[in-house]
Amino acid sequence: MTRPSHFLAVACALVASSAGLQAGSVRLEGKSLAVELDDSFPRVIRYSLKADGSSIGGQAEASGSVAVNGKVEPCTVKFTKRTAASADYQLGFASLGIDVVLRVSVEVDAVDIRVADVSGRGAAKLMTLGFPGSCLLAVASTEAGAEFGAVSASGYANSKEILGPLAGLPADGKDSTGNHVFLSNGKVAAGIATNHLRDVNRVGWKISANGADKAATAWMPVWQVRELENEPLPQPFAKIILTGDINGDGSANWQDACLVHRKIMPKPLGAELVKAGVADQIAMDFAS
């Protein structure tokens, strides 16, 4: 499905970031973070640091589409605020007999969004969940200090890195997927950590242009609930990392987001054993 341009949505998000809550939205608050959610469709409108009120954009307008197993399906949505820091979107797919609970929780350094529960009344199995046209983070070149960083690496011959001020980066308007993505606006640095099985599909991003202005958006490409029908995977999640300047260089950028990402990212099985193997710590000359 073609992903619509997010440039107008980003511009709207930037305007909204300095105003009060949008109509039909709900605020969740944790100890250090706050988020504004749409109460009619799964989306985060904006994220804020409570210490100084600085914010970064989510998605200004709901896409309205939910895909089950790669196909957009009719969906009903019920929103429930569980606590001051958490809420549920209950998604109902009557034609498939499938119900899904998408839970949003504000944590210390991140906003956790996960498939918390799946139930079925028929033969259909939920393999993947997707939100075509939706994004989790957005930043525009019109914001002072707007920067973007992303990496996609699946081997020496298939690796690329994009990093720098957003205004100077190429904007082809194409969807890309990869391992890591970070957006920042000088005040807030953000990224996405997921537990998707495949590294190069953990995050998605796009840089679009409207004249001289550019916008970058980032999302989770797919929520993988199962690979085999009879073997559900651990709850798929996306953790949206949010931080201010924590390394003391005067600006919140990808480096700050990486410091937080390193603490909370899902650790691969056996990661704690890597330091015990000599060969594991030697970079090969063809991929160093």
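## A contact, and where T128 finds its own

A contact here means heavy atoms within 4.5 Å. With that in hand, let's look at T128 in this predicted model. T128 lies in strand β11. Leaving aside residues up to four places away in sequence, T128 touches A67, V68, N69 and G70, and also V222, W223, Q224 and V225.

Is T128 buried or exposed? The cut-off for buried is under 20% relative accessible area. T128 has 16% relative accessibility, so it counts as buried.

## N69, a partner with an unusual angle

One of the residues that T128 touches is N69. You'll find N69 in the loop between β5 (67–68) and β6 (71–72). N69 isn't a glycine, and yet its phi is positive, at about 55°. With a relative accessible area of 37%, N69 is partly exposed.

## The whole chain

Time to step back. The protein chain has two helices and 23 strands. It runs to 288 residues, and buried ones make up 47% of them.

How do the contacts spread along the sequence? Take contacts between residues at least 6 apart in sequence: 60% of them join residues at least 24 apart. As for the outside, the chain exposes about 13,800 Å², with carbon and sulfur atoms supplying 54% of that.

## The nonpolar core

Which residues touch the most other members of the largest nonpolar core? They are Y47, L129, F148 and L242, in a core of 53 residues. Strand β9 (residues 98–106) gives this core its largest share, five residues.

F148 is worth a look of its own. Not counting residues up to four places away in sequence, F148 touches I162, L163, G164, L166 and L169. The same list for F148 goes on with V181, F182, L183, W205, I207 and A216.

## Rings and a charge

The model has three aromatic pairs. One of them joins F41 and F131: their ring centres are 6.4 Å apart and the planes meet at 85°, which makes the pair edge-to-face, since over 60 degrees counts as edge-to-face. F41 sits in the loop between β2 (33–38) and β3 (44–49), while F131 sits in the loop between β11 (128–130) and β12 (137–140), so the pair ties together parts that are 90 residues apart in sequence. Both F41 and F131 are buried.

Another ring has a charge for company. The charged end of K239 sits over the ring of F237, 5.3 Å from the ring's centre.

## Helix α2 and its buried side

Which residues of helix α2 (residues 254–264) are buried? They are D256, A257, V260 and H261. These four cover an arc of only 135° around the axis, so they end up on the same side of α2. What do the buried residues of α2 pack against? Their partners are the strands β16 (180–184), β17 (189–194) and β23 (237–243).

## K160 on strand β14

Last stop: K160, which belongs to strand β14 (residues 159–165). Its relative accessibility is 42%, so K160 counts as partly exposed. Setting aside residues up to four places away in sequence, K160 touches A150, V151, S152, S176 and W205. W205 is also one of the residues that F148 touches.

How far is K160 from G178? These two are 18 residues apart along the chain, and their C-alpha atoms are separated by 9.1 Å.

Key: Residues are numbered from 1 along each chain as its sequence is written. This is a predicted model: local features need pLDDT of at least 70, side-chain atom pairs count only at pLDDT 80 or more; totals for chains, interfaces and linings use all residues. Side-chain values use heavy atoms; hydrogens and water are left out. Rings of Phe, Tyr and Trp (its six-membered ring) pair if their centres lie within 6.5 Å; planes under 30 degrees apart count as stacked, over 60 as edge-to-face and the rest as tilted. Buried means under 20% relative accessible area, exposed over 50%, partly exposed in between (1.4 Å probe, protein chains only). A charge sits over a ring if NZ of Lys or CZ of Arg is within 6 Å of the ring centre and within 35 degrees of the ring normal. Accessible areas come from the Shrake-Rupley method with a 1.4 Å probe; for residues, only the protein chains shown count as cover. A nonpolar core is a set of buried Ala, Val, Leu, Ile, Met, Phe, Trp, Tyr and Cys residues joined through side-chain atoms within 4.5 Å. The arc is that of the directions from the helix axis to the C-beta atoms.
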